[in-house]
Every structure is written in structure tokens, then in C-alpha cells.
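Notebook open, structure loaded. I want to walk through contacts, charges, strands and odd backbone spots, in that order.

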Amino acid sequence: MATIVDARGKACPQPVIETKNAIREQGTPVITMVDNDIARQNVEKMAHQMGLAAESSQIDGGWRILIQPVSSDVLSAVMNDMGDALTNVLPDLEPAPCCPAVPAAPAGPTVVVLSSSCMGTGDDTLGAALMKGFVYALTQLDAAPDTVLLYNGGAKLSCAGADTVDDLKVLERNGAEILTCGTCLNHYGLTDKLAVGQVTNMYAIAEALAGAGKVIRP
């Protein structure tokens, strides 16, 4: 029996994340329902990246996406076709003498920098929604970042009343250190409003960035 994910009316990236979680927890098949074509494309892309087949059909008010394993018969046919094509085109191809080197994982912690309450430029209302979606997406990663630094306008994201506070608390529970610039809190009159994590200073921010293996800036 298929697991049903009704993601209609939900903002990006929730349709993708809820579908991915359903696949991981319940297996396939999974049927996801979305109400816009962009969400359909994103869910299909995620399924293909997981090596699964995704078949969409229109329903009233949106799309129905069936996600299931690629048929073994179809896979065998594709592999056979690829093998025949390669034999005809490159009959004398010799195997490579060695495999390319695998890039080493970054040495050092992963640090996320949030320097604005908005993501991108152009429209602040859209930017705020994108930032909310980004912080939520961080909570759904396989591994939480080691540190989240919030400064300038980003300091507002960790204060009471911000719709990112709950997601930052999830990141903190998952092991992330949430650090907000004290000078920034004071500048915006938010010194007493910090709702998650700890107050930090510019030296600690510089130290965290200098020692990072990977820095993520949305």
C-alpha cells in the first residue's frame, strides 16, 4: 500500500522534505500530492536523485506524483541498450588504469552564516519567506551544522516573535551551536529578546569562521 503525502498548500521545501522522509521511514511506493508545477518538478527531481521512478498525473487543483523503484525489466533494457551503444561507438575502449581521486571531506566544522532576516534581494516579503524555508531545511539535513552565526539583520531570526525561532531550537537540540552577535542585538533594541542560543562577540565570530571547514551563506 502506498504512503500518501498531502503537501498541497505547503511552501517550499516542505513537499520535498515530507516526501523524502516518507520514503525513508515507510519505503516505496509513495504518492505525493502538490498544488503547483514547481513543487511537482522539485519532488520528481528528488526522487530521481534517489534512484527512483516518478510518474505525475494532473488532479483537481494540482498534481499526483507516484514514486516507486525503477522496474528491473526497464533498468535491464536501459543497461543493455547503453552497453550495445558503447560497444558500437567505442569498440576498442580500454578500462582506465586507475580511479579518479575522491575529494577529501572538508577538515573542520560546518558553519552557517545568517547575516540578514531575508534571503536574497528584490522583495523583502519573499526574502523573509525564503529565509524561513532555508532555516527549516537545515533542520532536515542528515547532519546538523556545527555552528549557526547570526549577525546584523540575521540577529532578528533568533529573537522572540521570529518564525525561525522554533527551527533554530530544533537545530540546537540536534547539536548546533546558535550564536547571535551581542552588538547587533543591542543595535536593534533586542538585547532582552534573545529566544534561542547564546550571545557572542565579533572575535568569537571571526574565530569560528577562521576555523571552519565549510561556510554556508544563503
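Before I list neighbours: I call two residues in contact when heavy atoms lie within 4.5 Å. Also for the record, this is a predicted model.

**Entry 1: Arg 40**

I started with Arg 40, which is found in helix H2. Leaving out residues up to four places away in sequence, I get Val 34, Ser 56, Trp 63 and Ile 65 as the residues Arg 40 touches. Buried or exposed, I asked of Arg 40? Arg 40 has 15% relative accessibility, and because anything under 20% goes down as buried, Arg 40 counts as buried.

Next I looked at what the side chain of Arg 40 does. It makes a polar contact with the side chain of Asp 37, at 2.5 Å. The side chain of Arg 40 also meets that of Glu 44 in a salt bridge, 3.1 Å from N to O. I checked where these two sit: Arg 40 and Glu 44 are both in H2 (residues 37-49), four residues apart, which is about one turn of the helix. Glu 44 is buried too, with a relative accessible area of 15%.

**Entry 2: the other charge pairs**

A reminder to myself: side chains of opposite charge can pair when their charged atoms come close. How many salt bridges does the count come to? I get six.

One of them I looked up is Asp 167 with Lys 132, where the closest N and O atoms are 2.8 Å apart. Asp 167 belongs to helix H5 (residues 165-173) and Lys 132 to helix H4 (residues 124-139), so this pair ties together parts that are 35 residues apart in sequence. Asp 167 is buried, at a relative accessible area of 9%, whereas Lys 132 is partly exposed, at 27%. Back to H2 for a moment: salt bridges with shared partners join Asp 37, Arg 40 and Glu 44 into one network.

I also pulled up Arg 8 and Asp 6, whose side chains meet in a salt bridge at 2.9 Å, N to O. Arg 8 is partly exposed with 36% relative accessibility, and Asp 6 is partly exposed with a relative accessible area of 37%.

**Entry 3: S1, H1 and S2**

On to the strands. Strand S1 (residues 3-6) and strand S2 (residues 30-34) run parallel and are joined by four bridges. Which residue in S2 is the bridge partner of Val 5? I find Thr 32. Between the two strands the chain passes through helix H1 (residues 14-26), and this β-α-β crossover is right-handed.

**Entry 4: the five-stranded sheet**

Then I traced the open sheet of five strands. Its order is S8-S7-S6-S5-S9, with parallel pairing. Strand S8 (198-200) and strand S9 (214-216) are the edge strands, each pairing on one side only. On average, neighbouring strands of this sheet are turned by 30 degrees against each other, direction ignored.

I zoomed in on one pair. Strand S6 (residues 147-150) and strand S7 (residues 177-181) pair in the parallel sense over four bridges. Leu 150 has Thr 180 as its bridge partner in S7. H4 packs on the sheet and touches strand S5 (110-114) and S9. The direction of H4 makes about 165 degrees with that of S5.

**Entry 5: backbone oddities**

Last, I went through the torsions. Most residues other than glycine have a negative phi, and most peptide bonds are trans, so I noted the exceptions.

Where does Pro 13 sit? Pro 13 is in the loop between S1 and H1, and a cis peptide bond joins Cys 12 to it, with omega about 5 degrees. Another cis bond runs from Thr 28 to Pro 29, with omega near 5 degrees. Pro 29 is in the loop between H1 and S2.

For phi, I marked Asn 152: its phi is near 50 degrees, a positive value in a residue other than glycine. Asn 152 lies in the loop between S6 and H5. Asn 152 counts as partly exposed, at 43% relative accessibility.

Note on methods:
Residues numbered from 1 in each chain as written. Predicted model: local features only at pLDDT ≥ 70, side-chain atom pairs only at ≥ 80, totals over all residues. Heavy atoms only, no water. Pairing = 2+ DSSP bridges. Right-handed = clockwise from strand over helix to strand, strands pointing away. Salt bridge = Lys/Arg side-chain N within 4 Å of Asp/Glu carboxyl O. Buried < 20%, exposed > 50% of the residue type's maximum accessible area, 1.4 Å probe, protein only. Axes fitted to C-alpha atoms, helices over the stretch in contact; angles between N-to-C directions. Polar contact = N/O pair within 3.5 Å; in protein donor to acceptor, adjacent residues only side chain to side chain.
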